[in-house]
Amino acid sequence: MESEPFIRLAAFATVFAGLALWELADPRLPHKLGRRERWPGNLGVLIVDTLLVRVLFPTAAVGFALVAQARGWGALAYAPWPAWAEIALTVVVLDAAIYAQHAAFHHVPLLWRLHRMHHADLELDLTTGVRFHPLEIALSMLIKLVVISALGAKPLGVLIFEVLLNATSMFNHANVRMPLTVDRILRWLVVTPDMHRVHHSIERRETDSNFGFNLPWWDRLFRTYRAQPAAGHEGMTIGLPIFRSVEELRLLRMLAQPWQKT
């Protein structure tokens, strides 16, 4: 429990640095905006999110899983599996819950007002993967806590899931190039940047597809998978029809977007 924040921070820093270097060395698409325009707002909201979670949920998801385990909460307390299977099940069930949550945030108007801040980024790179409104992050944490208590999720499984979710969110938003053959194979195992980029199209039918962050199977299972954008990756427009100005990339403007009547 005491080492959980340090494990997550080390994993975040390692993945962030690696992807940032990959983006510099071999970007998938040219960017019109520089990091100076986008990174302060995106990283600023990450700091706000982190502080909010630590204030509202001091033990975070892993600590709550320890409490649930000590008190015998959840299905796995009554029907235990082998330890390795419980950890794997924890990761898969939490990932399915995040997929369902993501779809709900697109289709429920009030929730979409929170989530659309994530989609208002005018270009994609790894920092888009940490750009979520603080209220959305708080709701997402509440959903995870409900799933953890209902399942009796294993603390190690929760920690693995949290590290994976954070890493894959940065990875699948990253502006990195990989061979098409590698992408076609890899997207059966994890959501790739080309797969997720479709989800950030300005076309709503494409925005409402490819909801997975980590495991790609849910989109295929529930028929929300879209292989490519209609205009192609080079021709597609990233973002929303609203919030198109560079000023909307500033932190305070981003935080106010759910209340703007556009």
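Start by selecting glutamate 248 in this predicted model: glutamate 248 is buried, with a relative accessible area of 7%. The residue sits in the loop that runs between helix H13 (232–235) and helix H14 (251–256). Show its side chain together with that of arginine 253, and a polar contact of 2.8 Å appears between the two. Now display the surroundings. Leaving out residues up to four places away in sequence, glutamate 248 touches Arg131, Phe243, Arg253, Met254, Gln257 and Gln260. For a long-range pair, pick the C-alpha atoms of glutamate 248 and glycine 41, which are 9.2 Å apart in space but 207 residues apart in sequence.

**Glutamate 4**

Go next to helix H1, where glutamate 4 is found. Is glutamate 4 buried or exposed? Its relative accessibility is 2%, so glutamate 4 counts as buried, the cut-off being under 20%. Add arginine 54 to the selection: the side chains of glutamate 4 and arginine 54 are joined by a polar contact of 3.4 Å. With neighbours within four places in sequence set aside, the contacts of glutamate 4 are Arg54, Ala60, Val62 and Leu159.

**The pockets**

Switch to a surface view. The largest pocket has a volume of about 890 Å³. To find its centre, select Arg8, Leu46, Thr50, Ile137 and Asn166, the closest to that point of the 31 residues in the lining. Which helices each supply at least two residues of this lining? They are helix H1 (4–25), helix H2 (35–56), helix H5 (83–107), helix H7 (134–151) and helix H8 (155–173). Coloured by class, the lining of the largest pocket shows 17 nonpolar, eight polar and six charged residues.

The second largest pocket has a volume of about 410 Å³. Its lining is made up of 17 residues, and those closest to the centre are Pro30, Leu122, Glu123, Met236 and Ile238. Here the classes are eight nonpolar, five polar and four charged.

**The cavity**

Empty space left between atoms can be shown by rolling a probe the size of a water molecule over them. One cavity of 30 Å³ or more is counted in this model. The largest cavity has a volume of about 40 Å³. Select Arg28, Val176, Arg177, Met178, Asp183, Pro193 and Asp194 to see what lines the largest cavity. By class, that lining has three nonpolar, no polar and four charged residues.

**The nonpolar cores**

Nonpolar side chains tend to be buried together in soluble globular proteins. In this model the largest nonpolar core has 23 residues, and the members that touch the most others are Phe57, Leu94, Met141, Ile148, Val158 and Phe161. Helix H3 (60–70), H5, H7 and H8 are the elements that give two or more residues to this core. Which element provides the largest share? That is H7, with six residues.

Centre the view on phenylalanine 57. Not counting residues up to four places away in sequence, phenylalanine 57 touches Leu52, Ala138, Met141, Leu142 and Leu145. Apart from the largest nonpolar core lies another core, of 14 residues, including Phe12, Ala20, Leu46 and Met170.

**The loop between H11 and H12**

Select asparagine 214, in the loop between helix H11 (204–207) and helix H12 (217–221). Asparagine 214 is buried, with a relative accessible area of 5%. Its contacts, with neighbours within four places in sequence left aside, are Asp95, Leu164, Thr168, Leu189, Val190 and Val191.

Stay in the loop between H11 and H12 and select asparagine 210. Asparagine 210 also counts as buried, at 1% relative accessibility. Check the backbone here: phi of asparagine 210 is near 50°, a positive value in a residue other than glycine. Most residues other than glycine have a negative phi.

**Last stop: arginine 223**

Move on to the loop between H12 and H13, where arginine 223 is found. Arginine 223 is not a glycine either, yet has a positive phi of about 60°. Is arginine 223 buried or exposed? Arginine 223 has a relative accessible area of 79% and is therefore exposed, the cut-off being over 50%.

Note on methods. Residues are numbered from 1 along each chain as its sequence is written. This is a predicted model: local features need pLDDT of at least 70, side-chain atom pairs count only at pLDDT 80 or more; totals for chains, interfaces and linings use all residues. Side-chain values use heavy atoms; hydrogens and water are left out. Helices (H or I, at least four residues) and strands (E, at least two) are DSSP runs, numbered from the N terminus. Buried means under 20% relative accessible area, exposed over 50%, partly exposed in between (1.4 Å probe, protein chains only). Contact means heavy atoms within 4.5 Å. A polar contact is a pair of N or O atoms within 3.5 Å; within protein, one must be able to donate a hydrogen and the other to accept it, and residues adjacent in sequence count only if both atoms are side-chain atoms. On a 1 Å grid over the protein atoms alone, a cavity is a set of points where a 1.4 Å probe fits but cannot get out, and a pocket is an open set with protein on both sides within 12 Å along at least five of seven lines; lining residues have an atom within 4 Å of a point. Grid points are joined across faces, edges and corners, and a volume is the space filled by probe spheres set on the points. Ala, Val, Leu, Ile, Met, Phe, Trp, Tyr, Cys and Pro count as nonpolar, Asp, Glu, Lys and Arg as charged, and the others, Gly among them, as polar. A nonpolar core is a set of buried Ala, Val, Leu, Ile, Met, Phe, Trp, Tyr and Cys residues joined through side-chain atoms within 4.5 Å.
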